[in-house]
Structures are given as C-alpha cells and as structure tokens.
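Student: Please take me through one part of this model closely: how two packed helices sit against each other, and what surrounds them. I would like the cut-offs behind each term as well.

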Amino acid sequence: MSTDNHYLNILFKMKKLNEKYISFFQNMNNVISQTDNEIYEELNRLYSKYHIFEDNHLFLNKKLLANKQACLEYMNNIINSKIIHSCKHEFVEDYIDISPDTSKRIIYCEICGNSLYDCNKNASIK
Ligand SMILES: [Zn+2]
C-alpha cells in the first residue's frame with residue numbers, strides 16, 4: 001500500500017505497525033494459555049484437588065493483555081476510518097476462493113485494500 005499522498009502513507013505505516021503489535025499480543029496470549037494449560041495438567045497430577053485461580057491465570061494477567069489488545073484494535077479502527085476518508089479509492093473486482101468449488105466476488109480498493117462494503121459503512125462516520 002503506497003500512494004503519493006503523504007498523510008495517507010503515514011496512516012498506512014501506522015496501521016501496519018499497530019497490526020504488528022496486535023499480532024504480538026495475540027501470540028503472547030496463545031503462549032500463555034497453552035503454558036497455563038500444561039502447568040494445570042501437571043499440578044492436577046501432583047494434587048488431585050488443585051484450586052484454579054478465579055481469574056484463570058498463574059503468572060501473567062491475561063485480562064491486562066486482553067485490555068491492551070482491545071485498545072490496539074480500537075486504535076486500528078480509528079486509523080482505518082481515517083484511511084477510508086482520506087483515500088481516493090480505486091475499486092477493482094476480484095474473486096476469492098472460499099472452498100475448492102466456491103468463490104466469492106469482492107470489490108476492494110487497490111490503494112488502501114478496504115472493501116467497498118467497509119468504505120460505504122464508514123462513509124457516514126467522521
Ligand atoms: Zn482506498
């Protein structure tokens with residue numbers, strides 16, 4: 001995604017960095033859940049009535065991570081809204097495979113990557 005609009009290029013870069021951050025938190029959450037499960041299994045082998053903590057975590061606070069991730073996703077929606085309002089969209093039609101026999105028609109902007117549906121949905125929000 002690149003254009004001669006400097007402001008839009010900055011938004012694209014911010015979106016990309018923000019998504020990188022979101023993906024980091026998702027991965028971290030997966031590792032924590034998996035590790036917690038393995039630890040619980042081991043503890044249950046050692047103690048038959050091991051008490052699981054109320055907020056379901058041992059070492060790291062998953063709620064805190066989920067909040068951080070939600071903030072980043074909220075920020076990403078704002079960035080994307082600004083992209084949709086600033087882009088001089090050039091829509092193209094394409095087909096994506098949803099199964100080996102079925103494909104779905106989509107219309108998206110070649111510049112910002114947003115679908116026509118998302119662009120229309122965001123048009124009324126400033
Ligand atoms: Zn666009």
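Tutor: H1 and H2 are roughly antiparallel to each other, a label used for angles over 145 degrees (under 35 is roughly parallel, 65 to 115 roughly perpendicular, and the rest oblique). The model is a predicted one, in which local features need pLDDT of at least 70 and side-chain atom pairs count only at pLDDT 80 or more, while totals for chains, interfaces and linings use all residues. Residues are numbered from 1 along each chain as its sequence is written.

The packing angle of H1 and H2 is about 160°, and their axes are 9 Å apart. Axes here are lines fitted to C-alpha atoms, for helices over the stretch in contact, and angles run from 0 to 180 degrees between N-to-C directions. The crossing of H1 past H2 is left-handed, meaning that the near helix is turned anticlockwise from the far one by less than a right angle (clockwise would be right-handed). In the contact of H1 with H2 there are 14 nonpolar, seven polar and six charged residues. Ala, Val, Leu, Ile, Met, Phe, Trp, Tyr, Cys and Pro count as nonpolar, Asp, Glu, Lys and Arg as charged, and the others, Gly among them, as polar.

The chain as a whole has three helices and two strands, in the order α-α-β-β-α along the sequence. Helices (H or I, at least four residues) and strands (E, at least two) are DSSP runs, numbered from the N terminus.

Some residues on the two helices show what surrounds them. Glutamine 26 lies in helix H1 and is exposed, with 12 other C-beta atoms within 10 Å. A residue is exposed at 12 or fewer such neighbours, buried at 20 or more, and partly exposed in between, with C-beta atoms placed from the backbone. From glutamine 26 to leucine 65, 39 residues along the chain, the C-alpha separation is 8.9 Å. Isoleucine 78, in helix H2, is also exposed, with 12 C-beta neighbours inside 10 Å. Its C-alpha atom is 9.6 Å from that of lysine 15, 63 residues away along the chain. Serine 81, in helix H2, is partly exposed, with 18 other C-beta atoms within 10 Å.

The largest nonpolar core has nine residues, including Leu11, Phe12, Ile79 and Ile83. Such a core is a set of buried Ala, Val, Leu, Ile, Met, Phe, Trp, Tyr and Cys residues joined through C-beta atoms within 7 Å. Helix H1 (6-46), helix H2 (62-86) and strand S2 (103-109) are the elements giving two or more residues to this core, and H2 gives the largest share, three residues. Isoleucine 83 is in contact with Leu8, Leu11, Lys15 and Cys112, leaving aside neighbours within four places in sequence; contact requires C-beta atoms, placed from the backbone, within 7 Å. Buried residues make up 8% of the 126 residues in the chain.

Definitions and conventions
Two residues are in contact if their C-beta atoms, placed from the backbone, lie within 7 Å.
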